[in-house]
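Subject: Handover of a structure

Dear colleague,

I am passing the structure below on to you, together with some notes on what turned up in it. Please have the model open while you read.

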Amino acid sequence: MATPGASGEAASRKKLLIFDAEEDLAASLAEHTAGLSEKFVAERGAFTVVLSGGSLIKALRKLAEPPYLDAVDWSRWHVFWADERVVPKDHADGNYKLAMDGFLSKVPIPANQVYAMNDTLTAEGAAADYEARLYQLIKNGVVALSPVTGFPKFDLMLLGMGPDGHIASLFPGHPIVHENQKLVTYVEDSPKPPPERITFTFPVINSSAHIALMVTGAVHKTLSGKESSSDLLPVEMVEPQDGEMTWFTDKPAVSMLSSI
């Protein structure tokens with residue numbers, strides 16, 4: 001059972017869904033994603049989806065089950081990552097392996113439409129390579145460009161939130177949260193291991209047509225415990241500029257979200 005809610009003038013762009021159980025959240029997330037897939041495949045012949053790590057992948061499991069397994073046009077999906085750890089593809093710390101094991105290996109998306117990080121490069125090199133591939137896909141018409149921001153406009157950006165309020169590999173207080181020119185940047189000193197990562201920047205995240213942000217559990221202390229209200233956490237910097245945003249949450253997380 002979900003309880004919808006929204007507040008303030010951003011209500012038209014942001015929707016808050018509160019679920020009693022994780023099973024209900026997963027069912028709603030699958031329905032939401034499948035509906036957007038149908039919409040964008042009909043409109044532009046492709047569906048560009050951005051994944052992240054953590055519990056989000058488990059929450060996508062129902063897409064690999066009936067009715068979605070047969071109903072979704074998987075051949076039109078193009079899959080990206082909001083961030084990745086600079087480790088080999090078969091490494092347990094990698095978001096690629098997490099997504100492959102938990103979701104991508106169970107659905108028939110063409111392998112050449114799954115855009116993994118080049119794991120033979122340094123963090124800096126991998127970020128530059130991923131950005132160059134994005135520019136090529138924009139040129140080819142696979143990835144849309146936002147007329148509002150001039151940055152890539154992914155159809156659906158799927159994000160989770162860490163207990164410290166980070167999203168992707170954009171961590172509180174780290175200088176890369178202010179990067180506003182690059183599409184992809186890198187960190188070599190992540191406060192959470194492994195230390196080397198690549199990540200989409202906020203202009204890319206906030207240019208998405210649809211953002212689904214999953215925040216569950218007793219994580220509300222992240223915001224209530226801040227020393228300064230003027231220092232925004234990364235999760236608070238998610239602000240769609242050319243699209244819509246849906247929070248997928250549960251009751252323990254709601255008190256945190258009420259302050260965003």
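**The sheet and its helix**

Val184 has Phe200 as its bridge partner in β10. Before going further, please keep in mind that this is a predicted model, and that what follows should be read in that light.

The pair belongs to a wider contact between two strands, since β9 and β10 (residues 197-200) run antiparallel and are joined by four bridges. These strands are part of an open sheet of three, with the order β5-β10-β9 and antiparallel pairing; β5 and β9 (184-187) are its edge strands, each of them pairing on one side only. From one strand to the next, the twist averages 20 degrees. Helix α5 packs on this sheet, where it touches β9 and β10, and the direction of α5 makes about 165 degrees with that of β9.

**Salt bridges**

Side chains of opposite charge can pair when their charged atoms come close. In the whole structure, the search finds 12 salt bridges, and three of the pairs are described here.

The side chains of Glu23 and Lys62 form a salt bridge, with 2.6 Å from N to O. Because Glu23 lies in helix α1 (residues 22-44) while Lys62 lies in the loop between α2 (56-59) and α3 (68-71), this pair ties together parts that are 39 residues apart in sequence. The two partners can also be described by their accessibility: Glu23, at 41% relative accessibility, is partly exposed, whereas Lys62, at 15%, counts as buried. Both residues also take part in a network of salt bridges that links Glu22, Glu23, Arg61 and Lys62.

A salt bridge also joins the side chains of Asp119 and Lys89, at 3.5 Å from N to O. Asp119 is in the loop between α4 (95-102) and α5 (123-139), and Lys89 is in the loop between β5 (83-85) and α4, so this pair ties together parts that are 30 residues apart in sequence. Asp119 is partly exposed at 28% relative accessibility, and Lys89 is partly exposed as well, with a relative accessible area of 31%.

The remaining pair to describe lies within a helix: Glu43 and Lys39 meet through their side chains in a salt bridge of 2.8 Å, N to O, and both lie in helix α1, four residues apart, which is about one turn of the helix. Glu43 is exposed, with a relative accessible area of 52%, while Lys39 counts as partly exposed at 35% relative accessibility.

With best regards

Note on methods
Residues are numbered from 1 along each chain as its sequence is written. This is a predicted model: local features need pLDDT of at least 70, side-chain atom pairs count only at pLDDT 80 or more; totals for chains, interfaces and linings use all residues. Side-chain values use heavy atoms; hydrogens and water are left out. A salt bridge is a side-chain nitrogen of Lys or Arg within 4 Å of a carboxyl oxygen of Asp or Glu. Buried means under 20% relative accessible area, exposed over 50%, partly exposed in between (1.4 Å probe, protein chains only). Two strands pair if DSSP finds at least two bridges between them. Axes are lines fitted to C-alpha atoms, for helices over the stretch in contact, and angles run from 0 to 180 degrees between N-to-C directions. Contact means heavy atoms within 4.5 Å.
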